[in-house]
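Biologist: I have a structure to learn from. Can we go through it in short questions and answers?

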Amino acid sequence: MAAKLIRCAAFGALLALRAASLDAAQFLVVLHDSNGAWSLKEAEELSVNGKTKARILTAASAGSADSWDSKTIGHLAEESLEGLPILARSADGKVYTRSGEANDWTLLLPEATNSKMAQSSAELWRSAALAIKADRKEKAGTPIAFARLYLILPGRDPAAAAARLATDPGLHQFPGVQSGEAFRRMLELLPAIVKSYPTGSTTDQVRDYLRTGLGSRLNEWSNGDAAVTVLEECLMLNKAAMAAFPADQSLAALRKQASDAKSQLDRRVAILRALHAGKQSDAFLAAYRDFERYDKSFPDLAAARRAHLSDSAATHVDTARQLRKDGDYAGAIRHLRLAQLRNPDLKEASEALEEVRLEIARLSAQKFAESRRGIDPRSPAQVQLQRRLLMAGQYAADGKQQEAEQALQEAENIDKDEPKIKLMQAELAYTRGDLGLSLALLDLYAGVALTQEDFAEGEKLRAKVQYKLETSRTSERGELKNLFAEQRFAAALQSAAAGLKLDNEEPEFLYQVGVNACLLRHCADAGGLLHRYLDLTDSTQGARDRRMAAMRLLKQAENPAPPAAASKGPASWFSGAPLGTGVYYDPSSLAFQPKVVRITASDHLTVNYEWSGNQLQSVHTKYEEKKTGSNIAKLAFGVAAASQGLSMPVNWRTTGRETNDFYFNYYDDMPQVFNVGRDKTVVKSQTIPIRIPSFGGFGGFGMLGSMAGLGGMIGGGGLKGLVGLGGMRGLGGGMSIPAGIPSGLPGLAGRLPTMGGGAFAGIGSSGALGLSQLTSLRQMHPEQSYSIHNDPQGGSTSGTLTLWNNPRLDTRLAYQVTGKRIAVGFSGNHFFHPFAWDAIHLFEFDYDDEGRVRHAWELDEPNSPRFDFAWDGKRLLSVTAHAGSPGTVVYARTLNYAGDRLTSETITQGGKTSHIQYKYNKQGVLTEADCDADLSLDGRSRKIEFLDETADKGKR
């Protein structure tokens, strides 16, 4: 009886196994009729001509002509239908699957074909009988019309397969189908999938895909420099979201954003085309500023902009010539300066502008001489004035800048209109390197120089300033280029800020200050500089890539991200980033988080950890040799690693003891590691003051401020147009908006170009205006001062790290601007093994949008593989290293979890497998871990002891 029961039990187990095997064979069949209707069917069995197998082309038969009979088909490899990853029908009636390491599309042929005549694969499939069974117990299957077949996905979970079909465009990119068409097909099918699986994980995945897809594309579009296909994909996602989830509020908000973006684009394009047709260059260029970031897919409008820039410059030169004839010098200046901005290569504008400046200066000097005619040089005030000027000269000759400036200030208090004060101020500015300010002061002096000798003295100084300006500007540009290429962003910011003292409207300096300030997390201080850069480079010479970068950074400056909410959970000891429950590896740094006390390894190796609160201070490894034979073993491991395309440190042990220490240095103001070194040294950061001079009132615009002020001084008679202007407000305040602009372009008057970054309110208005008052008029944009941190100060920079959440540098923005990954991370070994420490290994990190490392490459290791990291939220799932071609896996590590606990890790490398087993006490506290001998490292086994922070208040 017992034997019978055993036999029955065994038979029952076999049946259960068979049933489980049968349940595993599932198919999701997708049908698409001629009216565009989609339908999905689940099946337990699929047959072709009554068979559950098909023939597949191998590499050896792939070159055969598409002509088949039963005999040639019989020589092809046979494959179970349920073992195929996909069956897809192409537009020409062929059926394909994927195979091989590269997962390429491969032709599939039906089984049990009795045709004696050779036929094409499409003809064979058209005559094949396809049938499905919803239940294997069914005697007869349900026929499937081949003409309606779209694809079939085998797999034990049809719902999961449906989710993949709704979120992976690659499944729809059959042979002959382009990526855009595959994306469209997927979205057409998506509503039918949601209808078939209205609840559960499938629907949740599809909804999340739509939210993420819409959000990311809208963000890409708003950032600018995106093809219009990005917006078109948004609209396709819109349509799918509306059909699948019409009541979802979050999707409705995203749909509205996408629709509004398309409406705004269409409106802007229509306005620009109308202005272009009407040949209204200034209005076209003003409207183009809001459109420029979206012009990537509109080459005709981009070409029109270039033409309008040239046309506008020529028109303004013609207008300026007429105004000069009429005596309206202020109007002539406005138009000539705009011509310079539009087309910097237009020599006529530069030459005419200098002629106007000299003409105004000559007339101004004549009028000014009349106003000074009654001054007695022997009067007490004038004698005191001359004494202070002489003292200022003596101080300047001795290099005492501050005393010289004080003496000049005292002289100004006596007679603020004394011409030599401006000349000496220009000399002091030249001496301290403020060359742009020096030229502006010389512009003022030219208008008040009383004699030809005085004027010649100013011109002599001007030549010195201009020569030094040109040579210094060239030198600064070269230095900036090198610093930026070397990713020395703090030094580049310092250099560019110094460059603005030379010329505060040099586009290169403005760009570098604005960009580097943003990269160093001072974007709030960069807004005005980036605006000015965009104003000055809206010309025939403007570099589009830099303008796009400036626009993106300006968006960041004007719309800063809200501060992150304070986290109550644990923080990473390495990056300081907040971590969730059950997170063992920090997503930002890949550092293992549980606190290790010591490691005891085979072959006489011990490792001790030194902690201070939540910060790891150091790791000390000690080797005590008893047998010299270990040299041979270590060399053998190095050779084995080299055979996998890796280099390993092989150090011969010549003494009986060897130590290997690692010291961790943290930032002064954030609990994040920035340096890992071999020696115990204190590495301090330094604070660098940054001073941005005011801009808009000198440099390229110095003459405008000074000459307009001089016109106000004269008070009428001879300088027609400089008196009573009420301010030189640029075209926005000095010209009417051209007629014929289409309605619906709000704010165009405010977008018409201005000079100097804003209105020159009060400059040139009637009434006396003393020269001392012009100092304030030069400061069209206020001076800025702030400090940045530069790390480290002194000592070696070896081992310096730059993580995703680095407090000094925004690695995400740096990648957008430079196109290079600059994030650098650390590991104690080649493979991010949590318990092996052989050297300081630095890696280039590539992050995803959530700040998780997704790829890494070891620096200074030309044969280093690419490491790929898979995550579930903040939980690390696997580490895979690929060398050579993408399909060659040279290292793999899989992490296994039970609830919130990491239970084990499985390591595969070179055909060998090892494990890490984690042990917990009754309270669920991690106490120990055991590592098998790992040939990917040094071949040692390891036993790890963890700090129990729940016992003895964290002390052991």
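Biologist: Which residues does Ser 588 touch, not counting residues up to four places away in sequence?
Modeller: This is a predicted model. Ser 588 sits in the loop between helix H21 (544-558) and strand E12 (596-601). Leaving out residues up to four places away in sequence, its contacts are Ser 575, Ala 577, Leu 803, Asn 805, Phe 845, Tyr 847, Gly 851 and Val 853.

Biologist: Is Ser 588 buried or exposed?
Modeller: Buried means under 20% relative accessible area. Ser 588 has 6%. Therefore Ser 588 counts as buried.

Biologist: How far apart in space are Leu 218 and Cys 234, C-alpha to C-alpha?
Modeller: Leu 218 belongs to helix H6 (residues 201-223). Leu 218 touches Cys 234, and also Leu 254, Gln 257 and Ala 258. In sequence, Leu 218 and Cys 234 are 16 residues apart. In space, their C-alpha atoms are separated by 7.2 Å.

Biologist: What relative accessible area does Leu 218 have?
Modeller: The cut-off for buried is under 20%. Leu 218 falls in the buried class. Its relative accessible area is 10%.

Biologist: Which strands stand at the edges of the open sheet of eight strands?
Modeller: The order in this sheet is E2-E1-E11-E6-E7-E8-E4-E5, with antiparallel pairing. An edge strand here has a single partner strand, so one side of it is left without a neighbour in the sheet. The edge strands are E2 (38-43) and E5 (77-80).

Biologist: What is the bridge partner of Arg 89 in E7?
Modeller: Strand E6 (residues 87-89) and strand E7 (residues 95-99) run antiparallel. Two bridges join E6 to E7. The partner of Arg 89 is Val 95.

Biologist: At about what angle does helix H4 run to E1?
Modeller: H4 covers residues 158-167. It lies across E1 (27-32), E2 and E11 (149-154). Its angle to E1 is about 45°.

Biologist: Which strands does helix H5 touch as it packs on the sheet?
Modeller: H5 covers residues 179-196. Its direction makes about 55° with that of E2. The strands touched by H5 are E1, E2 and E11.

Biologist: Where do Glu 78 and Lys 53 lie, and why does their pair tie parts together?
Modeller: Glu 78 forms a salt bridge with Lys 53, with the closest N and O atoms 3.6 Å apart. The two residues are 25 apart in sequence, so their pair ties together separate parts. Those parts are strand E5 for Glu 78 and strand E4 (residues 53-56) for Lys 53.

Biologist: Which residue forms a salt bridge with Asp 535?
Modeller: Asp 535 is partly exposed, at 29% relative accessible area. Its partner is buried, at 18%. The closest N and O atoms of the pair are 3.3 Å apart. The partner is Arg 289.

Biologist: How many residues of helix H20 are buried?
Modeller: H20 spans residues 527-536 and is mostly covered. Among its buried residues are Leu 529, Tyr 533 and Leu 536. Of its ten residues, the buried number is seven.

Biologist: Which residues are linked with Asp 535 in a network of salt bridges?
Modeller: Side chains of opposite charge can pair when their charged atoms come close. Asp 535 is part of such a network. Its other members are Arg 289, Glu 292, Arg 305, Glu 505, Arg 532, Asp 538 and Arg 547.

Biologist: Why are Arg 357 and Glu 354 separated by about one helical turn?
Modeller: An α-helix has 3.6 residues a turn, so residues three or four places apart point the same way. Arg 357 and Glu 354 form a salt bridge, with the closest N and O atoms 2.7 Å apart. They are about one turn apart because they are three residues apart in helix H12 (residues 347-371).

Biologist: What turn residue of the E24 and E25 hairpin has a positive phi?
Modeller: E24 pairs with strand E25 (residues 901-909) in the antiparallel sense over seven bridges. Two residues lie between E24 and E25. The turn residue, with a phi of about 65°, is Gly 899.

Biologist: How many salt bridges does a search of the whole structure find?
Modeller: The protein chain has 956 residues, and 48% of them are buried. It holds 27 helices and 28 strands. The search gives a salt-bridge count of 64.

Definitions and conventions. Residues are numbered from 1 along each chain as its sequence is written. This is a predicted model: local features need pLDDT of at least 70, side-chain atom pairs count only at pLDDT 80 or more; totals for chains, interfaces and linings use all residues. Side-chain values use heavy atoms; hydrogens and water are left out. Helices (H or I, at least four residues) and strands (E, at least two) are DSSP runs, numbered from the N terminus. Buried means under 20% relative accessible area, exposed over 50%, partly exposed in between (1.4 Å probe, protein chains only). Contact means heavy atoms within 4.5 Å. Two strands pair if DSSP finds at least two bridges between them. Axes are lines fitted to C-alpha atoms, for helices over the stretch in contact, and angles run from 0 to 180 degrees between N-to-C directions. A salt bridge is a side-chain nitrogen of Lys or Arg within 4 Å of a carboxyl oxygen of Asp or Glu.
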